[in-house]
Amino acid sequence: MAEKLVILGAGGHGRALIELLRELGGIEPVGLVDATPALPEMLGLPVLGDESVLPGLRRAGVGLACIAIGDAAARLAAAERLAALGFGFPPLVHPAAIRARSATVGEGSVVLPRAVLGAAARVGRFCIVNTGAILEHDVVVEEGAHCAPGCVLPGGVRVGARALVGAGAACRPYVTIGAGAVVGTGAAVTEDVPPGAVVGGVPARPLGQAPAPGAV
Ligand SMILES: CC(=O)SCCNC(=O)CCNC(=O)[C@H](O)C(C)(C)COP(=O)(O)OP(=O)(O)OC[C@H]1O[C@@H](n2cnc3c(N)ncnc32)[C@H](O)[C@@H]1OP(=O)(O)O
């Protein structure tokens, strides 16, 4: 029998995860939970209410959850709350992603279609590897980080915890992107990015401090 799963977060990323789960099979999504549910359903799945419904879902046999929240700090905080209620977080890898046998994906992380995980790539817990992102051999992505659509991380790049590598950004091999840093869309990162920095452009240069949660 398929294990039952609830999705926390009824926004755009939630929609992407519904599609992922339907392609994956073997796990039955029962609905979505959201702090401020705007609509009664999403792509045919019910929006069940806010987090107050979660204990009842656990009692009803829903044992799995995935967190569809783009902001890294909010995603990790939500994971702690749901773990305390006893939910488990399977890594979810879309069947149209390409994963080397030696690549690993941590609990609660999601890998979307056409993403590539090369040899010995390591994706930590509660990360997002978005559509078409390329993580080459030996790339390390730490807890809560987000590799946005189409970014290119060549061999040996390290993405620190909660960092965001923006859509279409590319990096030089073996650079380190510090914890909580943001790499803007389309940037070309040629040297290490300090923790918490915001960089953009070609070549990437500092743009300021990390934006407020949810702003990117
Ligand atoms: C499935 C999905 O959709 S996943 C979504 C993934 N998300 C992303 O890829 C978004 C990544 N975020 C960005 O690129 C953002 O533009 C950020 C974080 C770099 C900057 O955002 P903010 O802090 O809101 O900056 P803001 O838009 O006010 O721009 C500040 C300055 O930086 C410049 N700037 C903003 N983004 C970039 C960029 N990607 N490259 C170069 N310059 C940039 C702006 O032109 C502006 O310059 P100015 O001061 O000379 O006018």
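**Briefing: sheet, domains and ligand shell of a predicted model**

An open sheet of 5 strands, with mixed pairing, runs in the order β3-β4-β2-β1-β5. Because β3 (41-42) and β5 (64-67) each have a single partner strand, they stand at the edges of the sheet, and one side of each is left without a neighbour there. The model is predicted, and the protein averages a pLDDT of 96, with 96% of the residues scoring at least 70.

**The sheet and the helices packed on it**

- At one edge, β3 is joined by 2 bridges to strand β4 (residues 45-49), and the two strands run antiparallel; within this pairing, E41 stands opposite P46 in β4.
- Helix α1 (residues 12-24) packs on the sheet and touches β1 (3-8), β2 (27-33), β3, β4 and β5, while the direction of α1 makes about 165° with that of β2.
- Helix α3 (residues 72-84) also packs on the sheet, where it touches β1 and β5, and the direction of α3 makes about 165° with that of β5.

**The two domains and their contact**

- The protein is divided into domain 1, which covers 3-84, and domain 2, which covers 92-199; the C-alpha centres of domain 1 and domain 2 lie 23 Å apart.
- The contact between them takes 13 residues from domain 1 and 11 residues from domain 2.
- On the side of domain 1 that touches domain 2, α1, β5 and α3 each supply at least two residues, and α1 gives the most, with 6 residues.
- By class, that side of domain 1 has 11 nonpolar residues and 2 charged residues, but no polar ones.
- Helix α1 therefore appears in two settings, since it packs on the sheet, touching β3 and β5 among other strands, and also gives the most residues to the side of domain 1 that touches domain 2.

**The shell around the ligand**

- Of the 17 residues around the ligand, those that come nearest are A148, G166, A167, G184 and G200.
- By class, the shell around the ligand has 10 nonpolar and 7 polar residues, with no charged residues.

**Confidence of the prediction**

- Among the elements of the protein, the lowest mean pLDDT, 84, belongs to strand β24 (residues 205-209), whereas the highest, 99, belongs to strand β14 (residues 140-141).
- Where pLDDT is low, the predicted coordinates should not be read in detail.
- For the complex, the predictor gives an ipTM of 0.97 and a pTM of 0.96.

Key: Residues numbered from 1 in each chain as written. Predicted model: local features only at pLDDT ≥ 70, side-chain atom pairs only at ≥ 80, totals over all residues. Pairing = 2+ DSSP bridges. Helix = DSSP H or I, 4+ residues; strand = E, 2+ residues; numbered from the N terminus. Contact = placed C-beta atoms within 7 Å. Axes fitted to C-alpha atoms, helices over the stretch in contact; angles between N-to-C directions. pLDDT = per-residue confidence, 0-100. Near = placed C-beta within 6 Å. Nonpolar A, V, L, I, M, F, W, Y, C, P; charged D, E, K, R; others polar. Domains from an automatic or database assignment.
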